[in-house]
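Good morning, colleagues. I should like to take you through one model, feature by feature. Please have the sequence and the structure in view.

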Amino acid sequence: METSSPTVERVGDAFVLKELLWDAESAQFEANRRGARQCEHLADLLDFARARPELYVNVDFDPRLAGGFPSLGGDATLAERCAALEASSRLRLTEGEVRSSAAVAQRALAQLPRVWQAARDGLISIAHVKAVLAQLPLIESVPDVSGAFDELMRDIAVSSTVSGTRRQARLVADRLTACTRTQRHAAAFARRTVYVEDVADGMSWVYAMVTTDRAHAFDRELWLTAKHMPAVQRDGRTTGQIRADLFADMLIGGDVTRVKSKVLVTVPLDRLVPAARASVRVPAPSAAVVGLDLNSDCLIPGVGAIDDATARQMLLDAGAFTRVITDPVTGVILDMDRRARKATRAQREWLALVHGTCSRDGCDRLAIDGDIDHHCAYHGPGRGETDIANLDPLCDPDHALKDTTLLRHQRREDGSIEVAFPSGHRTTNPFAGLRERVRALLDRIAEPPEDPPF
């Protein structure tokens, strides 16, 4: 009787695993291509309807007979509305979603051709394109940079998640825009509002546009309260369901036992006292993510930059602050004796400031909410020390996988963590070299224009 060896079985299983992953990737690429084609088809549909309003509108109708409906608009506008309505019925989408998808294709084709081509090729999703498009109003204020922005964001999007693309697009746009962050915040602050969108089956969305610091403080409070809720109170609910229930209870003044949360904010000294600029050091070369500059930007680590006025107000509201020296040799004790396994609060906060998010490639979970991992294990023959050089912030899910699975975590020089899978696939850092590329773009913008030839 013939039996297969364990080695042969493992090779066969590895082959099946690779096939399944390849099938999933292929399906995703095709879904992305279909999404881009659908957006283009909807844009063509609305354009066609506007060009041939007779397909939807009685062109001989006297508009004066519209009576109480003067806002119907011309024939072209009315035909476009009809086409959007029909498409929404056929596709089971809202009219707003139909128009939004068409607008994405139109704007991206005109202003982000490289990003849109990546969507056509299936390399990125429509959500990636929307994340980049959202920053175009800032880029449009600076002449002759749209092409470089398009190319840069295309390279970022093809190797990043949607949220990572959104964050990096915002940071790059912040660097390039001619308006100050304080000016943009003031304009956006004036648009704060709350609205409710009814969906179906007695459910509705509640939206509120508030300042970023308040939004993330509330979000973290919900997350921590749900995370620490005793099992007997969960009643089989998921964390997302618990968060929604807590939100509703807080909104109407219910009795909720909240878990105290903290949102870290950095305020460079020269933003408080401009004369102190000479004492502020240049950013550390290990800061790999564009915008991660503790010495020049007011930051909510893991979220992004905020304007100076908001950061100063948060400092005043807090009533106290911790001085952080960017050289981790003086000021705050960051290194501990190797006999202690648990990181200090100063170490945790330093790692949260430097990394912002979980250090694993592509993970957007906040570092301040995660675990502190010893890159070289504290226990065992190597016994790594509990100091900054050996510590990485990892979110709970990634930390749980590090030592319990066949995944292998490798740290790069920039502090990011590469994960190698048994199939042979390795993660990549989507933001590697991004700072240098943005600086080169800024230098090019700052160069004086060449004199025109005579």
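Let me begin with the cysteines. The structure holds zero disulfides, a disulfide being a pair of cysteine sulfur atoms within 2.5 Å. Before I continue, a word on provenance: this is a predicted model, in which local features need pLDDT of at least 70 and side-chain atom pairs count only at pLDDT 80 or more, while totals for chains, interfaces and linings use all residues. Residues are numbered from 1 along each chain as its sequence is written, and side-chain values use heavy atoms, with hydrogens and water left out.

Why is Cys358 not bonded to the closest cysteine sulfur, in Cys363? The two sulfurs are 3.8 Å apart, which is too far for a bond. Cys363 is likewise in no disulfide, and its nearest cysteine sulfur, that of Cys395, is 3.7 Å away. As for accessibility, buried means under 20% relative accessible area, exposed over 50%, and partly exposed in between, with a 1.4 Å probe and protein chains only. Cys358, at 4%, therefore counts as buried, and so does Cys363, at 5%.

Between these two cysteines in numbering we meet Asp361, which lies in the loop between helix H15 (345-355) and strand S5 (371-374). Helices (H or I, at least four residues) and strands (E, at least two) are DSSP runs, numbered from the N terminus. Asp361 has 6% relative accessibility and so counts as buried. Its side chain is joined to that of Arg412 by a polar contact of 2.7 Å. By polar contact I mean a pair of N or O atoms within 3.5 Å; within protein, one must be able to donate a hydrogen and the other to accept it, and residues adjacent in sequence count only if both atoms are side-chain atoms. Taking contact as heavy atoms within 4.5 Å, and leaving aside neighbours within four places in sequence, Asp361 is in contact with Arg412, Ser416, Ile417, Glu418, Thr427, Thr428 and Asn429.

Some of those residues bring us to a hairpin. Strand S7 (residues 408-411) and strand S8 (residues 417-420) pair in the antiparallel sense over four bridges; strands pair if DSSP finds at least two bridges between them. Arg408 stands opposite Ala420 in S8. Five residues lie between the strands of this hairpin, and Gly415 takes a positive phi near 95° there.

A second charged residue is Lys402, placed in helix H16 (residues 396-402). Is Lys402 buried or exposed? With 12% relative accessibility, Lys402 counts as buried. Outside its neighbours within four places in sequence, Lys402 is in contact with Asp373, His374, His375, Leu394, Leu407 and His409.

I turn now to the aromatic residues. The structure holds three aromatic pairs. Rings of Phe, Tyr and Trp (its six-membered ring) pair if their centres lie within 6.5 Å; planes under 30 degrees apart count as stacked, over 60 as edge-to-face and the rest as tilted. The rings of Tyr195 and Tyr207 are stacked, because their centres are 4.9 Å apart and their planes are at 20°. Tyr195 belongs to strand S1 (residues 193-198) and Tyr207 to strand S2 (residues 204-209), so the pair ties together parts that are twelve residues apart in sequence. Trp205 and Tyr207 form a tilted pair, with ring centres 6.3 Å apart and planes at 35°. Ring pairs thus link Tyr195, Trp205 and Tyr207 into a cluster. Within that cluster, Tyr195 is partly exposed at 46% relative accessibility, Tyr207 is partly exposed at 32%, and Trp205 counts as exposed at 52%.

Next, the interior. In soluble globular proteins, nonpolar side chains tend to be buried together. A nonpolar core here is a set of buried Ala, Val, Leu, Ile, Met, Phe, Trp, Tyr and Cys residues joined through side-chain atoms within 4.5 Å. The largest has 45 residues, of which Leu112, Trp116, Ile124, Val129, Phe149, Met153 and Val172 touch the most other members. Helix H5 (residues 126-133) is mostly covered, with six of its eight residues buried; among them are Val129 and Leu133.

Finally, two backbone details. Arg92, in the loop between helix H2 (75-91) and helix H3 (95-111), has a positive phi near 60° without being a glycine. Asp235, also not a glycine, has a positive phi of about 55° and is exposed at 62% relative accessibility. Thank you for your attention.
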